[in-house]
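Colleague: I've got a model open and I'd like to learn how to read its features one at a time. Could you walk me through it?

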Amino acid sequence: MEASRRPGQRAGITRELVIAAGRELLIEHGAAGLTMRAVARHLAVAPGALYSHVRTKAELIDEVLDDLLSQVDAPDPLGTDWRGGLYGLMTSTHEVLLEHPGLVPLYVARRGARGPNAQRLGEIMLALLATQGITGTPAREALRALLVYTIGSAAFTAQTPIDPELDDAQLPSPAELETNFENGLRWLLAGIASA
């Protein structure tokens, strides 16, 4: 006899499909356009089928944001120079965020992501800092500074100008913004090293 299946399983959907649909809707319509009913319509299922995979819209947004972090290239903390490892991890994070500029404001509003991918990346960052002897409160402060800088820089880069009167020549080019981010990241890492 077949075991009883939950509504989402009976509908033939998976958690991964729900998260992918949520990501598509967030990118297309923003947080205001993401509803459980919209996700259900997108997947051609009844809204109740979603609740065995995610309980709320907020949980779905958190899942989408964390899932995106699975694309970040993370070094092995034991086989990497701490500064180079953090530089690579943060530049990869910045690139991943800028590939989905519509989601960057959600990272700002939620102060990052909290799921398993975010936790794994945080543990790698702390392990890299520990190889330099930076542990405890200073390590958590350094981690927070790096995250705030990276997410904030992505938000600044992804934002369209507010003033339509501004001439494009007055705005920094994407290449200038990338150079600014990389230079600032180097300065931040140098400051962490000397603290």
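Modeller: Sure, and let's begin with a term we'll need for the salt bridges: buried means under 20% relative accessible area, exposed means over 50%, and partly exposed is in between. Keep in mind that this is a predicted model.

Colleague: Then let me try the term on a charged residue. Is Glu59 buried or exposed?

Modeller: Glu59 has 17% relative accessibility, so it counts as buried. For the chain as a whole, 38% of the 195 residues count as buried.

Colleague: What does Glu59 meet in a salt bridge?

Modeller: The general idea comes first: side chains of opposite charge can pair when their charged atoms come close. Here, the side chain of Glu59 meets that of Arg15, at 3.6 Å from N to O. Glu59 sits in helix H4 (residues 57-68) and Arg15 in helix H2 (residues 15-29), 44 residues apart, so the pair links distant parts of the chain. Arg15 has a relative accessible area of 28%, so it is partly exposed.

Colleague: Which other salt bridge does Arg15 make with a residue of H4?

Modeller: Arg15 also meets Glu63, with 2.5 Å from N to O. Since Arg15 lies in H2 and Glu63 in H4, that pair ties together parts 48 residues apart in sequence. Glu63 is partly exposed, at a relative accessible area of 23%.

Colleague: Which residues make up the salt-bridge network?

Modeller: Arg15, Arg55, Glu59 and Glu63 are linked in it. There is also a bridge between Asp67 and Arg23, 2.7 Å from N to O. Asp67 belongs to helix H4 and Arg23 to helix H2, 44 residues apart, and this pair too links distant parts of the chain. Asp67 is partly exposed, with a relative accessible area of 28%. The structure holds five salt bridges.

Colleague: Let's step back to the fold. How many helices and strands are there?

Modeller: Nine helices and zero strands. Along the sequence, that reads as α-α-α-α-α-α-α-α-α. For contacts between residues at least 6 apart in sequence, 75% join residues at least 24 apart.

Colleague: What about helix H3, which residues does it bury?

Modeller: In H3 (residues 36-43), the buried ones are Met36, Ala38, Val39, Ala40 and Leu43. To place them, ask what they pack against: for the buried residues of H3, that is H2 and H4. Just after the helix comes Ala44, with a positive phi near 60 degrees.

Colleague: Now a helix pair. How do H8 and H9 pack?

Modeller: For a pair of helices, look at the angle and the distance of the axes. H8 (residues 136-158) and H9 (residues 174-194) pack at about 170 degrees, with their axes 11 Å apart. An angle over 145 degrees counts as roughly antiparallel, and H8 and H9 are therefore roughly antiparallel to each other. On the H8 side, the contact includes Ala142, Ala145, Leu146, Tyr149 and Thr150. On the H9 side, Leu177, Asn180, Phe181, Gly184 and Leu185 are among the residues involved.

Colleague: How many nonpolar, polar and charged residues does that contact have?

Modeller: The contact of H8 with H9 has eleven nonpolar and five polar residues, and no charged ones.

Colleague: And how should I read an aromatic pair?

Modeller: A pair of aromatic rings is described by the distance of the centres and the angle of the planes. A search of the whole structure finds one such pair. Tyr149 and Phe181 form it, 5.4 Å centre to centre and with 10 degrees between the planes, which makes the pair stacked. Tyr149 is in helix H8 and Phe181 in helix H9, 32 residues apart, so the rings link distant parts of the chain.

Colleague: Are Tyr149 and Phe181 buried or exposed?

Modeller: Tyr149 is partly exposed, at a relative accessible area of 25%. Phe181 is buried, at 1%.

Colleague: One last residue. Where is Thr93, and what does it touch?

Modeller: Thr93 is found in helix H5 (residues 82-99). With 8% relative accessibility, Thr93 counts as buried. For contacts, leave aside the neighbours within four places in sequence; Thr93 then touches Val72 and Thr150. You've met Thr150 already, as one of the H8 residues in the contact with H9.

Note on methods: Residues are numbered from 1 along each chain as its sequence is written. This is a predicted model: local features need pLDDT of at least 70, side-chain atom pairs count only at pLDDT 80 or more; totals for chains, interfaces and linings use all residues. Side-chain values use heavy atoms; hydrogens and water are left out. Axes are lines fitted to C-alpha atoms, for helices over the stretch in contact, and angles run from 0 to 180 degrees between N-to-C directions. Helices (H or I, at least four residues) and strands (E, at least two) are DSSP runs, numbered from the N terminus. Angles under 35 degrees count as roughly parallel, over 145 as roughly antiparallel, 65 to 115 as roughly perpendicular and the rest as oblique. Contact means heavy atoms within 4.5 Å. Ala, Val, Leu, Ile, Met, Phe, Trp, Tyr, Cys and Pro count as nonpolar, Asp, Glu, Lys and Arg as charged, and the others, Gly among them, as polar. Buried means under 20% relative accessible area, exposed over 50%, partly exposed in between (1.4 Å probe, protein chains only). Rings of Phe, Tyr and Trp (its six-membered ring) pair if their centres lie within 6.5 Å; planes under 30 degrees apart count as stacked, over 60 as edge-to-face and the rest as tilted. A salt bridge is a side-chain nitrogen of Lys or Arg within 4 Å of a carboxyl oxygen of Asp or Glu.
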